[in-house]
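User: I've got this one open on my screen and I'd like to talk it through with you. Let's go question by question.

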Amino acid sequence: MLYLKEANFENMEKEYLFVREIPADESGFTNPWPGVSREDFAQTALLQMIAASKAENVPACYVPQTSLFLWEDDEIVGLFRIRHYLNDSLQNGAGHIGYFIKKEYRGKGYGKEGLRLTLQIAKDIIPEEEIYLQVNKDNPASLHVILGNGGYIHSEDEKTYLLRIKKEKLCKTV
């Protein structure tokens, strides 16, 4: 069964093992903790993730964000981040949502379903009428995932597409 779970101490060991393996920057998804030690993950990284979701101790020029791990039964297969609102750099850059799928799970629908699940949460957090996303042009799989979730290309430059998903098009949760 595929589901999302916010960063938490209960699942710290699996979260740690997952996060330390994410490269510092892969296709625009950044990880400030590649290769992090278990101690630093527990005392710094995880605390920062949890605090950011509550809008606590968010550095200037950043916005609150919720980190959601995508689980397949008892294994983490991806990480999705929802930025709660946009500042100037996010509006014309990374947007509201960023995600990473573990290499061995790519091309199997995890990105598309993980984004669908994330959008159901994001629509209740994000105040804007559209959810902004960005994808590098050299990442057609991610472009396909976003388009498959109702996204459309809003604009582009030589390296990236800026996409939008209208919140009104997302299914209502009960």
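User: Leaving aside neighbours within four places in sequence, which residues is Glu130 in contact with?

Analyst: Glu130 is found in strand E7. Bear in mind that this is a predicted model, where local features need pLDDT of at least 70, side-chain atom pairs count only at pLDDT 80 or more, and totals for chains, interfaces and linings use all residues. Residues are numbered from 1 along each chain as its sequence is written, and side-chain values use heavy atoms, with hydrogens and water left out. Taking contact as heavy atoms within 4.5 Å, the partners of Glu130 are His96, Tyr152, Arg164, Ile165, Lys166 and Lys167.

User: Is Glu130 buried or exposed?

Analyst: The scale is relative accessible area with a 1.4 Å probe and protein chains only: under 20% is buried, over 50% is exposed, and in between is partly exposed. Glu130 comes out at 17%, so it counts as buried.

User: Which side chain makes a polar contact with the side chain of Glu130?

Analyst: A polar contact here is a pair of N or O atoms within 3.5 Å; within protein, one must be able to donate a hydrogen and the other to accept it, and residues adjacent in sequence count only if both atoms are side-chain atoms. Glu130 has such a pair at 3.0 Å. The partner is the side chain of Lys166.

User: On to the core. Which element gives the most residues to the largest nonpolar core?

Analyst: A nonpolar core is a set of buried Ala, Val, Leu, Ile, Met, Phe, Trp, Tyr and Cys residues joined through side-chain atoms within 4.5 Å. The largest one has 26 residues, and Leu70, Phe80, Ile97, Leu115, Ile131 and Ile146 touch the most other members. Elements that each supply at least two residues include strand E4 (65-72), strand E5 (75-83), helix H4 (110-125) and strand E7 (130-136), where helices (H or I, at least four residues) and strands (E, at least two) are DSSP runs, numbered from the N terminus. With five residues, the top contributor is H4.

User: How many residues are in the other core, the one that lies apart?

Analyst: Its members include Tyr16, Ala45, Met49 and Phe100. The residue count for that core is 20.

User: What is the relative accessible area of Ile146?

Analyst: Ile146 is found in helix H5. Leaving aside neighbours within four places in sequence, Ile146 touches Tyr99, Leu115, Leu133, Val135, Gly151, Leu163 and Ile165. Ile146 is buried, with a value of 1%.

User: What's the sheet order, given that four strands form an open sheet?

Analyst: Strands pair if DSSP finds at least two bridges between them, and the pairing in this sheet is antiparallel. Strand E1 (2-6) and E6 are the edges, each pairing on one side only. Ignoring direction, neighbouring strands are turned by 25° against each other on average. The order is E1-E4-E5-E6.

User: Which residue in E6 is the bridge partner of Arg81?

Analyst: E5 and E6 run antiparallel and are joined by five bridges. For Arg81, the partner in E6 is Gly98.

User: What angle does H4 make with E5?

Analyst: Axes are lines fitted to C-alpha atoms, for helices over the stretch in contact, and angles run from 0 to 180 degrees between N-to-C directions. Helix H1 (residues 12-19) packs on the sheet, touching E1, E4, E5 and E6, at about 80° to E5. H4 also packs on the sheet and touches E1, E4, E5 and E6. Its angle with E5 is about 35°.

User: Now the charges. How far apart are the closest N and O atoms of Glu104 and Lys102?

Analyst: Side chains of opposite charge can pair when their charged atoms come close. A salt bridge needs a side-chain nitrogen of Lys or Arg within 4 Å of a carboxyl oxygen of Asp or Glu, and the structure holds eleven. Glu104 is partly exposed at 44%, and Lys102 is partly exposed at 27%. Their N to O distance is 3.6 Å.

User: How many residues apart are Glu156 and Lys137?

Analyst: Their side chains meet in a salt bridge, 2.5 Å from N to O. Glu156 sits in strand E8 (residues 152-156), while Lys137 is in the loop between E7 and H5. The pair links distant parts of the chain, and the separation is 19 residues.

User: Which residues do salt bridges that share partners join into one network?

Analyst: The Glu104 to Lys102 bridge is part of it. The network members are Glu75, Lys102 and Glu104.
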